[in-house]
Amino acid sequence: MTTSLKGKDILHGNQFTKKDIDAIIKTASYFEKELKKKDQVSLLKGKILATLFYEPSTRTRLSFETAMQRLGGGVVSMGSVESSSVAKGESLADTVRTVAQYADAIVIRHPKIGSAKEAADAVSIPVLNAGDGAGQHPTQALLDIYTIKKELGSLNHLKICLTGDLKNGRTVHALVEVLSLFGAKIYLVSPEILRMPVEIIARLREKGMEVLETSDLKEACQKSDLVYMTRIQKERFTDLSEYEKVKGIYVINEGLLKGLHKTIVILHPLPRVDEISPAVDEYSGAAYFRQVRNGVYVRMALLAMVMGKTVK
Ligand code: NCD
């Protein structure tokens, strides 16, 4: 299989073509099958990945590090911001230029929108955006897409409800861009102050996507194949009293689930706070921990592809 992602940065959900998505899904699916047979696919032996996280992370960082090690490569990590030279006032460009002397690719998470692009512009090795503030989170979108395909069997013409913090949630910002390639109809359910940015909605509609905004979670779920729940992003609020007003406003619990059709799939990028009650975990369509696992296969695919490796 040829890869169009060789040497490329992964920065934004709108950078992919359908052909890219197809190649990523095929490659991830190959790694998923291989890891059922063995612990490692030594495609990136000798290569080094650097992870630079300026914001907290559990899944994204550990799944990238797992992915690199399953590919036979090594990982170096900056550790916490407080323990690095960032604490001495080093600029982002200088930090990534330094790291590029050690590593073959960089994964970066940073609180500022546009920071991953800024990092990518400073170095020639591939930079993968693991979340730039309330901006984008494209690798999450790709693992979401892989999960949707696996759970529902197809990506075409789906009806998807996205809910929670659509203003600050970078996972949904990236996911809708990818979904727009597949003729999806989306229902956006959020409190008034956390609506999806108008410029994103306008771009989706320009691309022919049907976008409906509503405040009724139950009704939107009843019409959807899948509901994508997100956490209210407390850390992005400047006024915490505003957060208090909207926290817990949309919750998926057993009561809501009873009123829905029995095949609805539930995704969440995690971490969750209180927006999906733990009792829902037993429901067969609750796919968020399967989604976590898929993150390893998809990130293996991305690392292999940006480093120019192809699979059968
Ligand atoms: C998300 C993030 O960091 O944007 N987490 C993740 O990467 N799986 C979602 C969140 O923090 O709410």
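In this predicted model, D94 and R97 form a salt bridge whose closest N and O atoms are 3.1 Å apart. Both residues belong to helix 3 (residues 92-99), where a spacing of 3 residues separates them by about one helical turn. D94 is partly exposed, with a relative accessible area of 37%, and R97 is also partly exposed, at 43%.

A salt bridge within helix 1 (residues 18-37) joins K37 to E34. The closest N and O atoms of K37 and E34 are 3.0 Å apart. Here too the partners are 3 residues apart, or about one helical turn. Their surroundings can be set side by side: K37 is exposed, with a relative accessible area of 63%, whereas E34 is buried, at 9%.

R290 and E151 form a salt bridge between two helices. R290 lies in helix 11 (residues 288-306) and E151 in helix 5, so the pair ties together parts that are 139 residues apart in sequence. R290 is partly exposed, with a relative accessibility of 37%, and E151 is partly exposed at 25%. In addition, E32, K36 and K150 are joined into one network by salt bridges that share partners. The structure holds 22 salt bridges, including the three pairs in the table below.

| Salt bridge | Closest N and O atoms |
|---|---|
| D94 and R97 | 3.1 Å |
| K37 and E34 | 3.0 Å |
| R290 and E151 | 2.8 Å |

Helix 5 (residues 138-152) also contains D144. D144 is buried and has no salt bridge. The nearest side chain of opposite charge belongs to R299, 7.7 Å away; a salt bridge requires a side-chain nitrogen of Lys or Arg within 4 Å of a carboxyl oxygen of Asp or Glu, so R299 does not qualify as a partner for D144. The side chain of D144 does make a polar contact of 2.8 Å with the side chain of Q291. Leaving aside residues up to four places away in sequence, D144 touches L175, Y228, L267 and Q291. Q291 therefore appears both as a polar partner of D144 and among the residues that D144 touches.

The last topic is internal space. A search of the whole structure finds 2 cavities of 30 Å³ or more. The largest cavity has a volume of about 100 Å³. It is lined by 13 residues, and those closest to its centre are I232, K247, G248, D274 and E275.

Note on methods
Residues are numbered from 1 along each chain as its sequence is written. This is a predicted model: local features need pLDDT of at least 70, side-chain atom pairs count only at pLDDT 80 or more; totals for chains, interfaces and linings use all residues. Side-chain values use heavy atoms; hydrogens and water are left out. Helices (H or I, at least four residues) and strands (E, at least two) are DSSP runs, numbered from the N terminus. Buried means under 20% relative accessible area, exposed over 50%, partly exposed in between (1.4 Å probe, protein chains only). Lys and Arg count as positive and Asp and Glu as negative; His and the chain ends are not counted. A polar contact is a pair of N or O atoms within 3.5 Å; within protein, one must be able to donate a hydrogen and the other to accept it, and residues adjacent in sequence count only if both atoms are side-chain atoms. Contact means heavy atoms within 4.5 Å. On a 1 Å grid over the protein atoms alone, a cavity is a set of points where a 1.4 Å probe fits but cannot get out, and a pocket is an open set with protein on both sides within 12 Å along at least five of seven lines; lining residues have an atom within 4 Å of a point. Grid points are joined across faces, edges and corners, and a volume is the space filled by probe spheres set on the points.
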